[in-house]
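Work through the exercises below with the sequence and the model open side by side. Try each task before reading its solution.

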Amino acid sequence: MELEQTFMNFLLHHQERHNRTYHFLILMDAIISAAKHIEHSYITGALKGNLGQAGKVNVQGEDVMHMDDIAHEIIIHYLRTTGRVIRAVSEESKDIIPLDEEGGRYFIYFDPLDGSSNVAHGLPVGFLFGIAKRNLDGPEDFHLRPGKDYIAAGMFVIPTGTLTIAFREAGTWRFHIDETMNYVKPVRITLPDTPDTWELSFNATNRYTYRKEVQEWVRQNERRYTFRYLGALAGDFHRILTRGGMFMYPAIVNHPDPKKLRPEGKLRLMYEASVVAFMCREAGGHAVDEHGTPILDIEPKDHHQRTALYVGSKPLVEDIANLLKGG
Ligand code: AHG
Ligand code: MN
Ligand code: MN
C-alpha cells in the first residue's frame, strides 16, 4: 500500500523551513474544509435540485446560480471560524465583507464558484483564491492589493478534487484528493519549455470581436497549437499549467451588439486574473493585460475590477505583450 504526504503536513514543514507562523495553516485548513464542503454539495447538487439558477443577478450583472450562493456562504462560514481574516472580497458580494478587523491577519479575495455555465451540466468548476497579508508594522492603509503582494494563490478544480497552490517565491504545487478526502502527494508544477504540448485556450466565437492585432496574432499562430476550451478559467488554466501554451480572454471591442462589448475585458482582476497570474509566475510563466502590462503589477481601484487576460508560457505571453504594447 502506498500512502502519500498530506497537504497539511507539507504546509507545516513549509512554514517551519521558512521560519513562518502557523496562522497561515489555520487559514488554509478553513479553505480546505470549505472546498471539500463545496465539492460535496456539487456532487450531490443535481439530486438536491441545487444546480439551477438562483433567480437573481449579481453585482457583475450575471445570472447567479444556486451553487454560486451556496459556495459563497460555505467559504464565509469557514473563514469566519479562523479569526485570522480581516476582510474578504467575494465575486458574489457587492461589498467587501468585514470579518475580524482587530485580530485578523490576512485579506482574501475569492471566486467561490468559477465556470458557472458548467454548473447545470455538473461539469468542472473551480474555487479560486488569493491571499495577502496585513501590514503588521504599522496601520493598515489599503486592503486592495496588486497580485505581486499576494503571499499565496490557488484553486480547486471541482468535482475532480485537485488543489493547485502557489506560495510567494516557493513554487506552484499540485495535490490530489485521496480516499479519505485528504489532499495529498505534492507535485511541483513547472510549465513545459518545449512547444510540443502547448495549447491555446480562448472562446473562439469571440475571435472577430478582438482588436485587429490580436485577431491577426490568432490567425498566424493558431495552427501551431492544439485548441482546448472548457469555459471555466480554473479548468482551462489547470491544463495550461501542465501542458503549457496560453489562455486568453482579450478585450471585446468589435461587437455588433453594444451590450456585448467588454473593453475592460471580462475576467475579474483580484480573484480571477491575479490568482492565475500568481500561480503562473511561480510555475515559470507570465501574464499580461490588454496593454501588455503584467497582471501582477496592476493596482486595483475597485474590488470587482475587470481586466483582459493573457496567461501562460513566457515566450507566447511575451510575444503577444509586445504586440499589445505597440497597439
Ligand atoms: P464565473 O462563472 O465565476 O462568472 O466565471 C466565468 C468566467 C471564467 O471562468 C471563464 O473563463 C469565462 O468566464 C468564460 O466566459 P465565456 O462564457 O464568455 O467564454
Ligand atoms: Mn469566475
Ligand atoms: Mn464565480
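The exercises go from the whole chain to its sheets, its core and a few backbone details.

The model is predicted: local features need pLDDT of at least 70, side-chain atom pairs count only at pLDDT 80 or more, and totals for chains, interfaces and linings use all residues. Residues are numbered from 1 along each chain as its sequence is written, and chains are lettered from A and ligands numbered from 1 in the order in which they are written.

**Exercise 1. The whole protein**

Task: Count the helices and strands, then judge how compact the protein is.

Solution:
- Start with the elements. The protein has eight helices and 17 strands. These are DSSP runs numbered from the N terminus, with at least four residues (H or I) for a helix and at least two (E) for a strand.
- Next, take the radius of gyration, computed over C-alpha atoms. It is 19 Å, close to the 20 Å of the globule rule for 327 residues, so the protein is as compact as a globular protein of that length. The rule is 2.2 Å times the number of residues to the power 0.38.
- Check the extents. The C-alpha trace spans about 50 × 50 × 45 Å along the principal axes.
- Then look at burial. Buried residues are 48% of the 327. Buried means 20 or more other C-beta atoms within 10 Å of the residue's own, exposed means 12 or fewer, and partly exposed lies in between; C-beta atoms are placed from the backbone.
- Finish with contacts, which need C-beta atoms within 7 Å. Among contacts with a separation of 6 or more, 61% join residues 24 or more positions apart.

**Exercise 2. The eight-stranded sheet**

Task: Give the strand order, find the edges and name the helices that pack on this sheet.

Solution:
- Recall the chemistry. Strands of a sheet pair through backbone hydrogen bonds, either parallel or antiparallel. Here, pairing requires at least two DSSP bridges between two strands.
- Read the order. The open sheet runs E4-E3-E5-E6-E7-E8-E9-E10, with mixed pairing. E4 and E10 are the edge strands, each pairing on one side only.
- Inspect E7 and E8. They are antiparallel, with six bridges. Phe156 has Leu163 in E8 as its bridge partner.
- Add the helices. H1 touches E8, E9 and E10, and its direction makes about 55 degrees with that of E10. H7 (residues 269-282) touches E3, E5, E6, E7, E8 and E9, at about 80 degrees to E6. These angles run from 0 to 180 degrees between N-to-C directions, using axes fitted to C-alpha atoms, for helices over the stretch in contact.

**Exercise 3. Strand E3**

Task: Which strands pair with E3, and is E3 enclosed or open?

Solution:
- Take E5 (residues 106-114). E3 and E5 run parallel and share five bridges. Ser90 is partnered by Phe110 in E5.
- Take E4 (residues 97-98). Two bridges join E3 and E4, which run antiparallel. Ala88 is partnered by Ile97 in E4. E3 and E4 form a hairpin, with six residues between them.
- Now burial. Six of the six residues of E3 (residues 85-90) are buried, so this strand is largely enclosed by the rest of the structure.

**Exercise 4. The nonpolar core**

Task: What does Ile108 touch, and which domains supply the largest core?

Solution:
- Define the core. It is a set of buried Ala, Val, Leu, Ile, Met, Phe, Trp, Tyr and Cys residues joined through C-beta atoms within 7 Å.
- Find its hubs. The largest core has 101 residues, and Ile108 and Phe129 are among those that touch the most other members. Domain 1 (7-189) and domain 2 (195-326) each contribute at least three residues. The domain bounds come from an automatic or database assignment.
- List the neighbours. Leaving out residues up to four places away in sequence, Ile108 touches Leu79, Val85, Ala88, Phe129 and Ile131.

**Exercise 5. Backbone details**

Task: Where do the cis bond before Pro159 and the positive phi of Asn19 lie?

Solution:
- Set the baseline. Most residues other than glycine have a negative phi, and most peptide bonds are trans.
- The Ile158 to Pro159 bond is cis, with omega near 5 degrees. Pro159 lies in the loop between E7 and E8.
- Asn19 has phi near 55 degrees. It sits in the loop between H1 and H2. Asn19 is exposed, with 6 other C-beta atoms within 10 Å.

Key. Contact = placed C-beta atoms within 7 Å.
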